[in-house]
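Open your viewer, switch to a cartoon view and get ready to click around. We'll go stop by stop, picking a selection and looking at what is there.

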Amino acid sequence: MFAAQNTLITSVIDVLGHGEEAHRCALELLNVMRKHEENLRILFAKLETTAARHRGCALFLGSFSGPVVTYIMVGNMRGWVFQEPGKIEVLYAQPGVVGARKLLPITREIRVRPNSTLWICSDGIRRSFVPSKEHLLISNEGMELAKGILKDYGIEEDDASILIGRRWGQS
C-alpha cells in the first residue's frame, strides 16, 4: 500500500503454490509494488510480467481516490463493499491467473459512501465467509476483525490474506 499524489494504491496478491519459488515470486512482486506506479493498468502489466517468470498469482489492485475505488481483480480473490446502512455490494473478479497468459485487465469502479468498509480476501478464507453487519459489531479495529475472520474462516492448509479498509468522513 502506498500514497500517491491524489490516491491510495493497495493490493492483495496471492502467489500460486508454496515454498521457495513462491516466496521468491512474492518478494519480486513486492518490489514492483514498492516502485509506486500510480496507473493501475501499467502496474498490472509490470506485476504480470514478474508473475510470468514464476508461477503466477491471483490479485486485487485498488486505487482509492475520494469516493471512488477503481480496481482490477483477477483469479480466486473475493471482495465486497459494505455500504451503510446494511447494503453489501460484491466486487467482481475476472477469471484467470496473472502471469499464466496475457490478460486484458478489466478495470472497474465503485462509489463508496462515508463509513463504507471494503473487504478483500484470498482463497485461504472459506467460501462460506461473507462480511455482514455482525462482523462490524465484533470490533471496530481492523486488525482484530481480520484475526477473528482468520480464526473462524481460515483454511488450515492454505495461506490467507484479508484487507479491510474503511472510508471515514462526510459526504
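In which sense do β5 and strand β8 pair, and over how many bridges? Select β5 and residues 117-121, and keep in mind that you're looking at a predicted model. The two strands pair in the antiparallel sense, over five bridges. For a spot to zoom in on, pick Gly79: across from Gly79 stands Ile120 of β8.

Now widen the selection to the whole sheet. This is an open sheet of four strands, ordered β6-β5-β8-β9, with antiparallel pairing. At its edges are β6 (87-91) and β9 (162-166), each of which pairs on one side only. On average, neighbouring strands here are turned by 15° against each other, ignoring direction. Add residues 142-153 and you'll see helix α4 lying across β8 and β9, at about 145° to β9.

Next stop: Asn76. Look in the loop between β4 (68-74) and β5 (78-83). Is Asn76 buried or partly exposed? Asn76 is partly exposed, because its relative accessible area of 33% falls between the 20% and 50% cut-offs. Show the side chains of Asn76 and Asp123, and you'll find a polar contact of 3.0 Å joining them. Beyond its neighbours within four places in sequence, Asn76 also touches Ala58, Cys121 and Ser122. While you're here, try Pro95: Asn76 and Pro95 sit 19 residues apart in sequence, with 7.5 Å between their C-alpha atoms.

Time to move to strand β3, residues 57-65. How much of β3 is buried? Seven of its nine residues are, so the strand is largely enclosed by the rest of the structure. One residue to click on in β3 is Ser63, which counts as buried because its relative accessibility of 12% is under 20%. The side chains of Ser63 and Thr7 are joined by a polar contact of 2.7 Å. Setting aside residues within four places in sequence, other contacts of Ser63 include Leu8, Ile9, Leu40 and Val68.

Finally, bring up the partners of β3. Strand β2 (residues 8-15) runs antiparallel to β3, and eight bridges join the two; look for Ile13 opposite Leu59. β4 pairs with β3 in the antiparallel sense too, over seven bridges, and there Phe60 stands opposite Met73. Last click: Gly66, in the hairpin of β3 and β4. That hairpin has two residues between its strands, and Gly66 takes a positive phi near 60°.

Terms used
Residues are numbered from 1 along each chain as its sequence is written. This is a predicted model: local features need pLDDT of at least 70, side-chain atom pairs count only at pLDDT 80 or more; totals for chains, interfaces and linings use all residues. Side-chain values use heavy atoms; hydrogens and water are left out. Buried means under 20% relative accessible area, exposed over 50%, partly exposed in between (1.4 Å probe, protein chains only). Contact means heavy atoms within 4.5 Å. A polar contact is a pair of N or O atoms within 3.5 Å; within protein, one must be able to donate a hydrogen and the other to accept it, and residues adjacent in sequence count only if both atoms are side-chain atoms. Two strands pair if DSSP finds at least two bridges between them. Axes are lines fitted to C-alpha atoms, for helices over the stretch in contact, and angles run from 0 to 180 degrees between N-to-C directions.
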